[in-house]
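Reader: Before I set up any calculation, I would like a close look at a single part of this model, set out carefully and placed in its wider context. Please take one helix pairing as the centre and work outwards from there.

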Amino acid sequence: MADVVSVNDRFDIDPGQPLPDYDSPTAKAYACRDATSKSDFLALVCEPKYPLRVEAINALKGFPNHSLMRVQDHGVVNWTLTGRRMPVLVVDRPRGGRVFKSEDDTIEPFTDEQLTRGFLTPLVATLREMSQRGVTHRNIRPDNLFYSDPNRRSVMLGECISCPAGLFQPDKYESLENAMADRTARGDGSVLDDLFSVGATVLSLVTGRMLPEDPDPQRAIFDRINLGSYACLVGGTRLQMNMVELLRGLLTDEPRERWTIRDIELWLGGRRLTPKQVKLPQKAARPLMVGGGSYENVRAVAHAIGRNWNTAAELVRGQDFDNWLRRSLGNENVVEAVNKVTGGANGIQSAPKEEDARLITRVAIGLDPAAPMRHKGFSTHIDGVGPTLALNFNDDATRQKVAAFIGSRSVGPWMSVQTRSKQDLLGLFSKFDKLPTLLNSTGPGYGIERVLYELNEDIHCMSSMIEHLYVTDPEEVIPALEAVAQQSRRPPIPMDRHLAAFLGARSPDIDDRLLRPLGNASDNRPAIDALNVLRLLARIQTLSRNGPMPGLSHWFVELMKPAVNAFHNLKARAAVENSVMKASDSGQLGEILKIFDDQRAQQRDQQGYQRAQQEFTQCAVQIAQMNLDLQNKDSLAAEVGEQAAAVVSGVVGSVGTTAIVILYLV
Amino acid sequence: MAASSANAASMKVIVFTIVGGLMLFTLPTVLLLGIVMMPTFAAMAIDRRREKYTTLCVGCMNFVGVLPFVAQLWTEGHSYERAFAIMADPFAWLTMLGAAGLGWCIYLIAPGIVSMGIAMRIEQRISRLRRRQRELVEEWGPGVAGALDDPEKREAKAAEDAKQGG
């Protein structure tokens, strides 16, 4: 048994005992045991690049139902196999195996009994509980189902928290609104999206095989729009009448028509109704040509212009589109929504040419408010932007499309045509409202990195310095930097754009006053960059109260050397050096900061230095003048010497004359 | 202006008249002085300065050397004989020309002594200024001299100093 790894001092993971049958697409499964109760669990060691659904993890704590792979605990561990810190989820260990081992796997089709008692009955209780907790699963598909008992009588849902919602869901297991979105941008959705996935999963269980992937996903989406998802998914499959009723109810594309949990419960209780006819989208009187294709209904047109955004502006500005919308379509609600988001025909015509992409985005929103927002080929639900950026942050194209989407300010118009309760959207709206300002600021702490952390409240800091330490809380930053400081090869300065943005987004005490100076290139005082970083990290250390950090302090002592040397007065410099060493020994960054934050002392030193320089120069000028005098001393002395000689002679003559007169004549 | 120049001219006439009258009555003395004050006349002839320092220097000392013999002439009859006797006395010539020579010595030595004095005074002031500059460097570092104002250079210099110290 390899050295066990402990999670929160309760669960022991055995890295030597992998359980590949329980792997998730983004996590490797290992045997795990509760140290107190000795019960067996699964430890899912997650890929750090995939954001966890922390909100869902917290909401699912203490989940009573056993038909879900429940989270027992989660944490971050030092994982020797990868040589870094990794997020770990401790979840229930299913007693049976996986229902579908892979996408190509086939099984014995479920009987009615197996389906109702073994799958739907526990599932309904699970979904109801999740719905009450405000969480969606969004990972319901056949290869994420497990038998919860060794006899394979009951089926439980796999985990749903190790990656963004719907990331690994095949399109056919997603509702049409989610399938239209980019895979990374499907968002958490609602219980109705889960119910659609349940419908597609039931279809797989009763046929004994997973639904095949479409060779042309976009063609498949248009088919689902035009023919309905039920027709496309079921196709020619022969089903029992009771199953037809269930599947028609679950696979309907109109969310208001889709079966609810209550409907399934009634169906399980024996209610049998005549299967609903699939409600197809309303056809326009004539089709509209978009990007070379002909489309007959409003959702198809919206999807088509979203995909052909770079050529659709001409169409949208033309009279043909206006006529089609107002006359051929015959749906006043759509006309009203388009007018609302675009400002009507006048708004469309007066939109500047350079804002064509924004115009197309708004027209698509007006035509199909329930669909994802589409901007320059990026198709996203409002809560899918963050995961998209997190998953592909290092991809230039992704960063550009997310930045363009935020810059288009499409969320406001989208909100104005939503039928969902406004309350739950207000938080998201206020968040998106401030993003363009943050995005347009270029300094550290802002820009696309800040957007990343604003939109993903739970992802770890992706700074290259501390990414391997999986820091998710500002309080962990200082200890992480202390670990970096202890390394032999450390970066030039303990700050970068990711770290600044992470702290700006996560700590309410880090505001513009601390972040703006980080990018102030006009300030050229010595070690000013280090001083600004020191100010920021000292604040974090004060707030987090996680003890002295001698390594980091010594790092700053080295970084601040230019500032110490900037003290011209040697005695003052020696005193500062002494104080800095004492402060560094304390391990408190605030103590070091106090020394360098005394601007009056620095001003006094600077003024004194200037005076000393002036005095030195005056001395040098005087010395030079005197050296010149020294060279010319003979010419100076000639006149003065003659004068002195005359005086001496005069005096001697006078004295001599007086003496002689007295001697001879008196 | 015209009045003042007229006054000066009349003053000169009066002075020349008085001096001329006095010389007529003291011809032995004039003879003696005219001969033994030759060094002074020579100095006057070569003195190009307006202030006539050379003349003053030599003249004063020459006069002091002559004065005892003039007094002797006056006290011993003030005659041509006595005047010639004095001029025939080598000791008298030694005294009179020696005094004039002393005047020349004073004139020639004084600038050297003054030059030395000036040099001493300047060097004292230079050394005081240099001491002050050293104090400034000790207090503010070599950067105060301007040449090493760059902190990097200062650090390099400090490192060099430390190496030498080690």
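**A helix pair and its surroundings**

Author: Of the 666 residues that make up chain A in this predicted model, 46% count as buried. The secondary structure of chain A amounts to 29 helices and 12 strands, and among the contacts in the chain with a separation of 6 or more, 67% join residues 24 or more positions apart. The overall dimensions give the setting: along the principal axes, the C-alpha atoms of chain A fill a box of roughly 170 × 75 × 40 Å, and the chain has a radius of gyration of 39 Å, where a compact globule of 666 residues would have one near 26 Å.

The part to look at closely is helix H9 of chain A, residues 298–307, together with helix H14 of chain A, residues 356–367, whose axes come within 9 Å and cross at roughly 160 degrees. An angle over 145 degrees counts as roughly antiparallel, and H9(A) and H14(A) are therefore roughly antiparallel to each other. The crossing in which H9(A) passes H14(A) is left-handed. On the H9(A) side, the residues that meet the partner are Val298(A), Val301(A), Ala302(A), Ile305(A) and Gly306(A), while H14(A) brings Ile360(A), Val363(A), Ala364(A) and Leu367(A). Sorted by class, this contact has 8 nonpolar residues, 1 polar residue and no charged residues. A general point helps in reading such a list: an α-helix has 3.6 residues a turn, so residues three or four places apart point the same way.

What surrounds H9(A) beyond this one partner can be judged from its burial, since 10 of its 10 residues are buried and the helix is therefore largely enclosed by the rest of the structure. The buried residues include those that meet H14(A), but also Arg299(A), Ala300(A), His303(A), Ala304(A) and Arg307(A).

A second pair in chain A offers another geometry to set beside this one. Helix H20, residues 477–485, and helix H24, residues 550–559, have axes that come within 7 Å and cross at roughly 65 degrees, which makes H20(A) roughly perpendicular to H24(A). The crossing of H20(A) and H24(A) is left-handed. Here Ile478(A), Leu481(A), Glu482(A) and Ala485(A) in H20(A) meet Gly551(A), Leu552(A) and Trp555(A) in H24(A), and these residues divide into 5 nonpolar, 1 polar and 1 charged.

In the loop that runs between helix H19 (447–455) and H20 of chain A sits Tyr470(A), a residue other than glycine whose phi is nevertheless positive, near 50 degrees. Tyr470(A) has 22 other C-beta atoms within 10 Å, and so it is buried.

Gly97(A) offers a contrasting setting, in the loop between strand S6 (84–92) and helix H2 (112–132) of chain A. With 12 other C-beta atoms within 10 Å, Gly97(A) is exposed. Leaving aside residues up to four places away in sequence, Gly97(A) touches Asp21(A), Phe146(A) and Tyr147(A). Gly134(A), which is 37 residues from Gly97(A) in sequence, lies 29 Å from it in space, C-alpha to C-alpha.

Moving outwards to the partner chain, the contact between the two takes 40 residues from chain A and 39 residues from chain B. On the chain A side, helix H25 (561–565), helix H28 (599–631) and helix H29 (633–665) each supply at least two residues, and H29(A) gives the most, with 22 residues. The residues on this side of chain A divide into 23 nonpolar, 12 polar and 5 charged.

Chain B itself has 7 helices and 0 strands, and buried residues make up 25% of its 166 residues. Among its contacts with a separation of 6 or more, 61% are between residues 24 or more positions apart. One backbone detail in chain B deserves a check before any calculation: Lys52(B), in the loop between helix H3 (38–46) and helix H4 (53–75) of chain B, has a positive phi near 55 degrees although it is a residue other than glycine. Lys52(B) has 15 C-beta neighbours inside 10 Å, and therefore counts as partly exposed.

Key
Residues numbered from 1 in each chain as written. Chains lettered and ligands numbered in written order. Predicted model: local features only at pLDDT ≥ 70, side-chain atom pairs only at ≥ 80, totals over all residues. Axes fitted to C-alpha atoms, helices over the stretch in contact; angles between N-to-C directions. Helix = DSSP H or I, 4+ residues; strand = E, 2+ residues; numbered from the N terminus. Parallel < 35°, antiparallel > 145°, perpendicular 65-115°, else oblique. Left-handed = near helix turned anticlockwise from the far one by under 90°. Contact = placed C-beta atoms within 7 Å. Nonpolar A, V, L, I, M, F, W, Y, C, P; charged D, E, K, R; others polar. Rg over C-alpha atoms; globule rule 2.2 N^0.38 Å. Buried ≥ 20, exposed ≤ 12 C-beta atoms within 10 Å, placed from the backbone.
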